[in-house]
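Please open the model in your viewer and keep a selection prompt at hand. The tour moves from one selection to the next and says what is found at each stop.

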Amino acid sequence: MNPKLPYVLLAGAAVIIFILSCMLLSRGRRSPSCESQPSIVKTGSTSQSVVFADLTAEEMSQVVRYLQGNLGVPLVDASRAKPSDNCIASVDLQVPAKAEVLRFLDAGGARPAREALAVLYFGNQAEPNISEYVVGPLPVPLYHRDVTVHKYGGKVPYHRRPTLGSEYKQLGAFLETVAFAAAPTFLKEVFEYDRTNVVFQTTVPHGFQSGDRVTWFVLFQNVSGFFVHPVGLEVLVDHSSLDISRWAVSRVFYNGQYYRDMVQLESAYVQGRISVEKVRKAPWDGDFSSMKPRAPAAALFPVQYEPQGPRYSVRNNHVLFQAWSFAFGMSVSTGLRLFDIRHKGERVAYEISVQEALSVYGSNCPAGMSTRYMDGSFGLGRYTSPLVRGVDCPYLATYVDTHSLSESLRPRKRKASLCIFEQNLGSPLRRHYSNLQSLYYGGLVNSALVVRSIATVGNYDYVWDFIFYQNGAMEGKVQATGYPSSSFLHGDGLRYGNRLWEHTLGTIHTHFVNYKVDLDVGGVKNSLVAHDMAFEMTRAPWSPEQQIERPRLTKKVLDTEDQAAFRLQSKMPRYIYFAGNGKNKWGHQRGYRIQITSFAGDHIPEASSMERAISWARYQLAVTRRKEEEPTSTSIYNQNDPWTPTVAFADFIDNETITSEDLVAWITAGFLHIPHSEDIPNTVTVGNSVGFLLRPYNYYDLDPSIYSHDGVFFTSEQDLTACETNPLACLPKTASCLPNFPPFTYDGFRNM
């Protein structure tokens, strides 16, 4: 035996022990935490964005106190108001005139006065009406002026008022204490009615002609996801009188049959003249409509994080992201809106905002067949819901609280009702792999900034996104989810949808969403240009006996509003863009292209008595001259009087010249929804997403994303493992950190 062998073995064992110790120590060592410091604005000022900022809670309270002390009439809290009372329906920002704002932003002019717009219901007057007041200056109001006549050409009739929550409570009490008291036997034996086990859902509009305020109420089992638990009973209530004691039942519908009132229904039931369809009582969780997961938790889904902290900044209502900057806000009625959108320091749009969300339903039940929801009248901003961290938005997104004052004398804070985040979309924005002649790879990760809010209006949840890409493109998108509305399945119900459960008919309906896009391409004076293609036949110059069919570019300037109004299902030029007066390096007019993603159903026939109220939905795109007196495509008052619309969008299109003018694009996107069994328990967002893109079209001399710091390029001759050559090689070092996840909190169930 070699005498040195034990020493060799001992040395080898020591080396092994040392290696194992290092491995164990390194395995037990905790990775460093990722950077999480807030991103700091390094250049420019955000003070100018305050001109678009939502009212603060204190400003709203000041407006309420001012109105209480200066109108000379008693104001009841809207949450307790009767139809015969005066009350404040809402207080929101009065956005200044564009010309004033641009003088302030671009020419060093004075900042426009900060003002509020207050909507008031005057029910306690000889001639009840709706009035709108501009109140200012804020934060300490000194004046108010009635702008109703200026905006609408006259006083707004009281019957057009959006229905307050207090009126719905009063209607619920009427149904329970007056209407249902007339049919105790029927309700007890058919529904086991105990005043707690049914819930009502309203329908709109309220009737068939101006002045009507009669509403069908649908009864559902009072369980989780009640929207898909109809019981077959619908009641029509006339609540047009301002005196609640004069409200009355106008008609009753049960299981395919109509009755004069609840008394007649009770009599027919007692006499055995009713075909009863008993609905199996659902448990409190709704059974099939429960959203409680049917599977236990397993491996965690992927989570996105920012290893070196956020690459965007949010200061008050101003956002900076790479070459993008913009201001954001939340309107009580229309929801999320953006102002002063700039790329590389140059304004490309003055305003981009949601205008309306419309649904038109079909059914063989009275409530379903007469429903046309215009959700702006309920309040897309008012019903913006608190966001759940990690599901509604990425866990580490920036969450913003918003305030609103609606149907109350006090402002309401909605915690985490808006989120902002950068998202790696998991695909290249652009790339090329070259294996011909030179060998290289060049690419850019598609990382975009998303601004999101989600509005829950009744049964539907609308996910509103504005997305900013590194190539100068911007997207507006809405995804629909929530519960489908349903009718009680009877008779020929399958002509109007699919059966979703034993007694549940998922009713066919359309979704239409309208946006206002005020593009300013190289200034406010723009023209609308259409480019498309056409095939032309030609002889091959080198072989004249042969014919070639080649596509060529077609060009047309759309000179008038009539030419720029494209009907919903009509053929529209595939390249349509706002063109500025300037040109790029290659002699082309600088432009921004509008590209619409839509799968819309058919628009309601124009012969309909209510069509003018939703006439914006006639058009997939309509471009008009921008006018201060045409700020929105619709009105919150159109819902309850669509037969005499307060705002009729069709009147905006009057064949005015639109070359070298300040223009607005009104964009409509939508989809047809025929609910199916996979909409149970509720509807998914996949496939239910529509919207539009704004894309630079000869606006730049080349793709601006080539200047992104995220670009990757390497050749076959370079060291791909060197960080200087390939930043992806540094990921094990730069991204090996533990995200700082804040504790999970949710305030969505407070102060309901």
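Begin by selecting Leu300, Phe301, Val303 and Phe741, which together form a nonpolar patch on the surface with about 410 Å² of accessible area. Keep in mind throughout that this is a predicted model. Within the patch, centre the view on valine 303, which sits in the loop between helix 7 (262-270) and strand 11 (312-315); valine 303 is partly exposed, its relative accessible area being 35%.

Now zoom out to the whole protein chain, whose C-alpha trace spans about 110 × 80 × 75 Å along its principal axes. A cartoon representation shows ten helices and 34 strands. Of the 752 residues in the protein chain, 53% are buried, and the chain exposes about 35,400 Å², with carbon and sulfur atoms supplying 54% of that area. If you draw the contacts with a separation of 6 or more, 67% of them are between residues 24 or more positions apart.

Next, colour by domain: the assignment gives domain 1 (49-156), domain 2 (165-289) and domain 3 (312-483 + 509-673 + 683-707). Hide domain 3 for the moment and look at domain 1 and domain 2, whose C-alpha centres lie 38 Å apart. Where they meet, nine residues of domain 1 are in contact with five residues of domain 2, and about 500 Å² is buried between the two domains, 59% of it on carbon and sulfur atoms. Select Ser79, Ala81 and Pro83 here, since these three supply 64% of the area that domain 1 buries against domain 2, more than any other three residues. How many salt bridges cross the interface of domain 1 and domain 2? The rule finds zero across that interface.

A salt bridge can nevertheless be shown by selecting aspartate 77 and arginine 80, whose closest N and O atoms are 3.9 Å apart. Side chains of opposite charge can pair when their charged atoms come close. Aspartate 77 is buried, at a relative accessible area of 12%, whereas arginine 80 counts as exposed at 61% relative accessibility.

Staying with charged pairs, of which the count by this rule comes to 40 salt bridges, bring domain 3 back and select lysine 413 together with aspartate 401, where the closest N and O atoms are 3.6 Å apart. Lysine 413 belongs to strand 18 (residues 412-436) and aspartate 401 to strand 17 (residues 398-406), so this salt bridge ties together parts that are twelve residues apart in sequence. Both ends are partly exposed, lysine 413 with a relative accessible area of 46% and aspartate 401 with 32%.

For a contrasting pair, select aspartate 518 and arginine 626, whose side chains meet in a salt bridge at 2.9 Å, N to O. This pair links distant parts of the chain, with aspartate 518 in strand 25 (residues 509-519) and arginine 626 in the loop between strand 31 (619-625) and strand 32 (663-673), 108 residues apart. Aspartate 518 and arginine 626 are both buried. Extend the selection to Lys98, Asp520, Glu628 and Asp662, because salt bridges that share partners join these residues with Asp518 and Arg626 into one network.Strand 18 also holds a backbone feature worth displaying: alanine 416, placed in that strand, has a positive phi of about 50 degrees although it is not a glycine. Alanine 416 is buried, with a relative accessible area of 18%. Then move to glutamine 437, in the loop between strand 18 and strand 19 (438-457), where phi is again positive, at about 60 degrees, and the residue is not a glycine. Is glutamine 437 buried or exposed? Glutamine 437 is exposed, with a relative accessible area of 84%.

The last stops concern two cis peptide bonds and a loop. Select leucine 138 and proline 139, which are joined by a cis peptide bond with omega of about 20 degrees; proline 139 is in the loop between strand 3 (129-136) and strand 4 (143-146). Then select isoleucine 680 and proline 681, between which the peptide bond is cis with omega near 5 degrees. Proline 681 lies in the loop between strand 32 and strand 33, and glutamate 678 is placed in the loop between strand 32 and strand 33 (689-697). Glutamate 678 counts as exposed at 55% relative accessibility. To finish, draw a distance from glutamate 678 to glycine 442, which are 236 residues apart in sequence and 42 Å apart in space, C-alpha to C-alpha.

Notes:
Residues are numbered from 1 along each chain as its sequence is written. This is a predicted model: local features need pLDDT of at least 70, side-chain atom pairs count only at pLDDT 80 or more; totals for chains, interfaces and linings use all residues. Side-chain values use heavy atoms; hydrogens and water are left out. Patches are made of residues with over 30% relative accessible area and no salt bridge: like charges are joined within 9 Å, nonpolar side chains (Val, Leu, Ile, Met, Phe, Trp, Tyr) within 5 Å. Accessible areas come from the Shrake-Rupley method with a 1.4 Å probe; for residues, only the protein chains shown count as cover. A salt bridge is a side-chain nitrogen of Lys or Arg within 4 Å of a carboxyl oxygen of Asp or Glu. Helices (H or I, at least four residues) and strands (E, at least two) are DSSP runs, numbered from the N terminus. Buried means under 20% relative accessible area, exposed over 50%, partly exposed in between (1.4 Å probe, protein chains only). Domain bounds come from an automatic or database domain assignment. Contact means heavy atoms within 4.5 Å. Buried area is the accessible area (1.4 Å probe) that two parts lose on being put together, summed over both.
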